Amino acid sequence: MQVIDTIEDLRKARKAISGRVGGVLTMGALHEGHLSLVQHARTDNDAVITTIFVNPTQFAPTEDFSGYPRDLAHDLSMLEKSGVDVVFTPKAADMYPSNFQTFVKVDHVTQGLEGDHRPGHFRGVVTIVSKLFNLTQPTIAYFGQKDAQQVVVIRRMVKDLNFPLDIAVIPTVREPDGLAMSSRNTYLTPEERKAGGVIYRSLVAAAQAYDEGERTPANLRAVAKSVLKTEASVEIEYVAINDPQSLLGVHEPSEEPILLSMVVQLGKPRLLDNCLLPWSLNTREGLTATLGA
Ligand code: AMP
């Protein structure tokens, strides 16, 4: 496994690879969720390039950029065991040299949901993903369902700016109690960690109501919220139902697939989760065909 931290060396390494390249972009503090993306990339391609970069431009000044968990030695050992070929760990000063002034902005699908709660976040995400796509030139780039709006936004950017690559959407990997794996779970106290299982239970309850014929978005949201409220430490930021392609809010009953997403604050971290309904769409094939497609 080659570990590369300069743009020049990355360009050389990329040129030396022929065949299909799987790209997995991360901020490090890796867990099984990231490794699932790597495994899919490994299976589909001749080589895998993973990037590790905690991108300063996607954090608001009030957010956790400086405290974001970092453990490069552990990350590299996990990636080596997973059969990654190249790891790119650029320095912020190389990605954003002085006088940097070009940002990529996606319009409508960055509004609502995380876009409303994290102003400027997607501008930073889309800019760094564009740069990392240009540098790593993947044949297929792998993104996690957990950041569903990010998937929709990146797909829009790929289409609008004609990036020559495909996007694969990989289902959320969960802890045994259903809590979505996240680098930010390390912020949870043991009690908060235990309470976190309620997030998945709320998705399952809404999916069950959907399965039993409930289609009214307000009722599905109410089912999810009533489960979340059984944990006093969980503060609901939003529970939303959106069209998985346009991300417009869905307010009328519909037989079209819908995206149920939520963010809760549990102690320090904001925790995101979501599912597509019907539940059977929460597979790589279903997600890739539905989310932002
Ligand atoms: P991050 O390091 O948080 O920026 O995440 C890098 C990639 O891993 C993104 O595409 C995430 O959506 C994805 N990812 C994060 N957590 C999970 C998870 N629990 N299951 C699957 N993919 C995930």
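**Figure 1. The ligand fills the largest cavity.** In this predicted model, the space that the ligand takes up is the largest cavity. Three elements each give two or more residues to the shell around the ligand. They are strand E2 (21–26), helix H2 (32–44) and strand E5 (140–144). Helix H2 gives the most, with three residues.

**Figure 2. The shell around the ligand.** The ligand is surrounded by 16 residues. Met27, His34, Asp147, Val173 and Met181 are the closest. Sorted by class, eight residues of the shell are nonpolar. Six are polar, and two are charged.

**Figure 3. Polar contacts of the ligand.** Which residues place an N or O atom by an oxygen atom of the ligand? Asp147 does so with its side chain, at 2.6 Å. The side chain of His34 also has an N or O atom 2.9 Å from a ligand oxygen. Gly144 uses its backbone instead: an N or O atom there lies 3.0 Å from an oxygen atom of the ligand. How much of the ligand does the protein bury? Alone, the ligand would expose 490 Å², and the protein buries 92% of that.

**Figure 4. An aromatic pair, Phe133 and Phe143.** Across the whole structure, a search finds eight aromatic pairs. In the pair of Phe133 and Phe143, the ring centres are 6.2 Å apart. Why is this pair edge-to-face? The ring planes stand at 80 degrees, and planes over 60 degrees apart count as edge-to-face, so the pair falls in that class. Phe133 belongs to helix H6 (residues 121–136), and Phe143 belongs to strand E5. The two residues are ten apart, and their pair links distant parts of the chain.

**Figure 5. A cis peptide bond at Pro278.** Leu277 and Pro278 are joined by a cis peptide bond. Its omega angle is about 5 degrees. Where is Pro278 found? Pro278 is in the loop between strand E9 (270–277) and helix H11 (284–290).

**Figure 6. A positive phi angle at Ala29.** Ala29 has a phi near 50 degrees. That value is positive, in a residue other than glycine. Ala29 is in the loop between E2 and H2. Both of these elements also give residues to the shell around the ligand.

Conventions. Residues are numbered from 1 along each chain as its sequence is written. This is a predicted model: local features need pLDDT of at least 70, side-chain atom pairs count only at pLDDT 80 or more; totals for chains, interfaces and linings use all residues. Side-chain values use heavy atoms; hydrogens and water are left out. A residue is near a molecule or strand if one of its heavy atoms lies within 4 Å of it. A polar contact is a pair of N or O atoms within 3.5 Å; within protein, one must be able to donate a hydrogen and the other to accept it, and residues adjacent in sequence count only if both atoms are side-chain atoms. Accessible areas come from the Shrake-Rupley method with a 1.4 Å probe; for residues, only the protein chains shown count as cover. On a 1 Å grid over the protein atoms alone, a cavity is a set of points where a 1.4 Å probe fits but cannot get out, and a pocket is an open set with protein on both sides within 12 Å along at least five of seven lines; lining residues have an atom within 4 Å of a point. A molecule sits in a cavity or pocket if more than half of its atoms lie within 2 Å of its grid points. Helices (H or I, at least four residues) and strands (E, at least two) are DSSP runs, numbered from the N terminus. Ala, Val, Leu, Ile, Met, Phe, Trp, Tyr, Cys and Pro count as nonpolar, Asp, Glu, Lys and Arg as charged, and the others, Gly among them, as polar. Rings of Phe, Tyr and Trp (its six-membered ring) pair if their centres lie within 6.5 Å; planes under 30 degrees apart count as stacked, over 60 as edge-to-face and the rest as tilted.
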